[in-house]
Amino acid sequence: MPAPQEGNDLNYQAISLHSPFTYEGLPTRVRFGAGTRSAVREEALRLGMSRVLVLSGPAHQAFALQLVSALGDLYAGIYDGARMHTPVDVTEQALALLSELRADGILAIGGGSTTGLGKALALRTDLPQIVLPTTYAGSEMTPILGETQAGLKTTVRSLKVLPETVIYDVDLTMDLPAGLSGVSGMNAVAHAVEALYAREANPIVTALALESIGSLAHALPAVCANPRDTVARAGALYGAWLAGICLGSVGMALHHKLCHTLGGTFDLPHAQTHAVVLPHALAYNAPAIPEVMARLCAVLGVDDAPLALYELNTAIGAPKGLRELGMPEDGIDRCVELATANPYWNPQPLDRMRLRALLARAYAGAAPSIDPI
Ligand code: NAD
């Protein structure tokens, strides 16, 4: 692992006049804390909503009903059929209900799947959205929407889909099972890690990313050991919020490309795939990003960041490898083909042999390896 350069204090970022940068803030209002869901009516009125369509998934009926009563006369109706990967036919059903109810606002409570449905409706109607996240996926902080139709996933980027208000109520995450909490948190860590070496990386996003990684790395093992630990839950949700800002602010690289390819081609579960691949993708990029590695090591308090993330996976009980997630072994070559056919920008050039080795290790659940170039 590269040692920090002499004179380079890792406690702060040295801003170079020779590296101008662009930062664009995203205009979402956030309320964070325990019990903040009680502010839904106030926030809906603030956005000028008078007839609110509530969106939820099957795990949140009890909370959705609480929101219905908190909304009072602003409540217009509920759609509880949100599904993973935002299928367009589900969006069309919800859209029909929305126009039948003459709703003028959207309130989504759930994980990334429910948030995705709210964003898909906002894309088509430009209605304001309030989101109450219940996982650590981070979608609520991004102007990005992925939709699927006829087995094809397409992504759009538009401020229309960025929620106007996000209410992070720690109480809503208390029942997220330990196993799911851990991998969902690692999904967030992946957003923050890739933001550190994104093509558009800048000091503001880097500061948020490091804070996010520190908070999540500290909180996730405690959440998994005791899912009712409110302090750890607050730390995990705070880290996930910041990771979501990172994901929405800069482009992602090899890690996200591999996960999108694996998810789309082999239908592997989203958060679990992110957790398994992250240490390996970071090890692949490590030789090209010595300063990022030094900062990551500092925030994690280790001298081998990929290994530390691999061990964090063990601590949270993440699946060991892609084999365990159901990927076929001959999928390794397929994934290399697909990931290199239409690649994302990456700090380290893509080399098929090295990518193959990366995926073989991730498949088997082996430890990550930083290969000298
Ligand atoms: P999810 O919303 O499907 O939730 C995963 C599972 O957890 C579901 O079964 C859900 O019912 C359950 N669950 C959620 N919250 C719970 C709680 N508090 N208690 C108990 N069970 C709970 O999955 P996710 O990982 O949150 O999101 C993944 C989806 O989000 C994917 O489709 C992914 O592509 C998308 N995503 C999009 C972006 C973006 O910027 N567009 C970013 C991240 C993720």
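A search of the whole structure finds 10 salt bridges. The model is predicted. The same kind of search finds 0 disulfides. Helix α12 recurs below, with a buried face and salt-bridge partners in helix α13.

**Salt bridges**

- Side chains of opposite charge can pair when their charged atoms come close.
- Arg-37 pairs with Asp-171, and their closest N and O atoms are 3.0 Å apart.
- Arg-37 sits in the loop between β1 and α1 (40–46), while Asp-171 sits in the loop between β8 (165–169) and α5 (178–196), so this bridge ties together parts that are 134 residues apart in sequence.
- Arg-37 counts as buried, at 18% relative accessibility. Its partner Asp-171 counts as partly exposed, at 26%.
- Arg-356 forms a salt bridge with Asp-333, with 2.6 Å between the closest N and O atoms.
- Arg-356 belongs to helix α13 and Asp-333 to helix α12, so the pair ties together parts that are 23 residues apart in sequence.
- Both ends of this pair are partly exposed: Arg-356 has a relative accessible area of 34%, and Asp-333 is at 40%.
- Arg-352 bridges to Glu-337, and the closest N and O atoms are 2.7 Å apart.
- Here too the arginine, Arg-352, is in helix α13 and the acid, Glu-337, is in helix α12, so the bridge ties together parts that are 15 residues apart in sequence.
- Arg-352 is partly exposed, with a relative accessible area of 44%. Glu-337 is also partly exposed, at 45%.
- Arg-29, Arg-31, Glu-42 and Glu-43 are joined into one network by salt bridges that share partners.

**Helix α12 and its cover**

- Helix α12 spans residues 331–341, and its buried residues are Gly-331, Ile-332, Cys-335, Val-336, Ala-339 and Thr-340.
- Viewed down the axis of α12, these buried residues fall within an arc of 155°, so they line one face of the helix.
- An α-helix has 3.6 residues a turn, so residues three or four places apart point the same way.
- The cover over the buried residues of α12 includes α8 (254–266) and α13 (352–364).
- Helix α13 therefore helps cover α12 and also carries Arg-356 and Arg-352.

**Cysteines**

- No disulfides turn up anywhere in the structure: the count is 0.
- Cys-224 has its closest cysteine sulfur in Cys-259, at 18 Å, which is too far for a bond.
- Cys-224 is buried, with a relative accessible area of 14%.
- Cys-259 is in no disulfide either, and the nearest cysteine sulfur, that of Cys-335, is 8.9 Å away.
- Cys-259 is buried, with a relative accessible area of 5%. Cys-335 is among the buried residues of α12.

**A buried histidine**

- His-274 lies in helix α9, which covers residues 270–285.
- His-274 counts as buried, at 1% relative accessibility.
- Leaving out residues up to four places away in sequence, His-274 touches Asn-187, Ala-190, His-255, His-256 and Cys-259.
- One of these contacts, Cys-259, is itself buried.

**Positive phi angles**

- Most residues other than glycine have a negative phi.
- Arg-102 has a positive phi, near 55°, and is not a glycine.
- Arg-102 is placed in the loop between α3 (88–100) and β4 (105–110). Its relative accessible area is 60%, so Arg-102 is exposed.
- Asp-126 also has a positive phi, of about 60°, although it is not a glycine.
- Asp-126 is found in the loop between α4 (112–125) and β5 (129–133). At 48% relative accessibility, Asp-126 counts as partly exposed.

**Nonpolar surface patch**

- Ile-15, Phe-21, Tyr-23 and Ile-204 form a nonpolar patch on the surface. Together these residues have about 370 Å² of accessible area.
- Phe-21 lies in the segment before β1 (29–33).
- Phe-21 counts as partly exposed, at 39% relative accessibility.

How values were computed. Residues numbered from 1 in each chain as written. Predicted model: local features only at pLDDT ≥ 70, side-chain atom pairs only at ≥ 80, totals over all residues. Heavy atoms only, no water. Patch = residues over 30% accessible without salt bridge, like charges linked within 9 Å, V, L, I, M, F, W, Y side chains within 5 Å. Areas by Shrake-Rupley, 256 points an atom, 1.4 Å probe, with all protein chains shown as cover. Salt bridge = Lys/Arg side-chain N within 4 Å of Asp/Glu carboxyl O. Helix = DSSP H or I, 4+ residues; strand = E, 2+ residues; numbered from the N terminus. Buried < 20%, exposed > 50% of the residue type's maximum accessible area, 1.4 Å probe, protein only. Arc of directions from axis to C-beta. Contact = heavy atoms within 4.5 Å. Disulfide = S-S within 2.5 Å.
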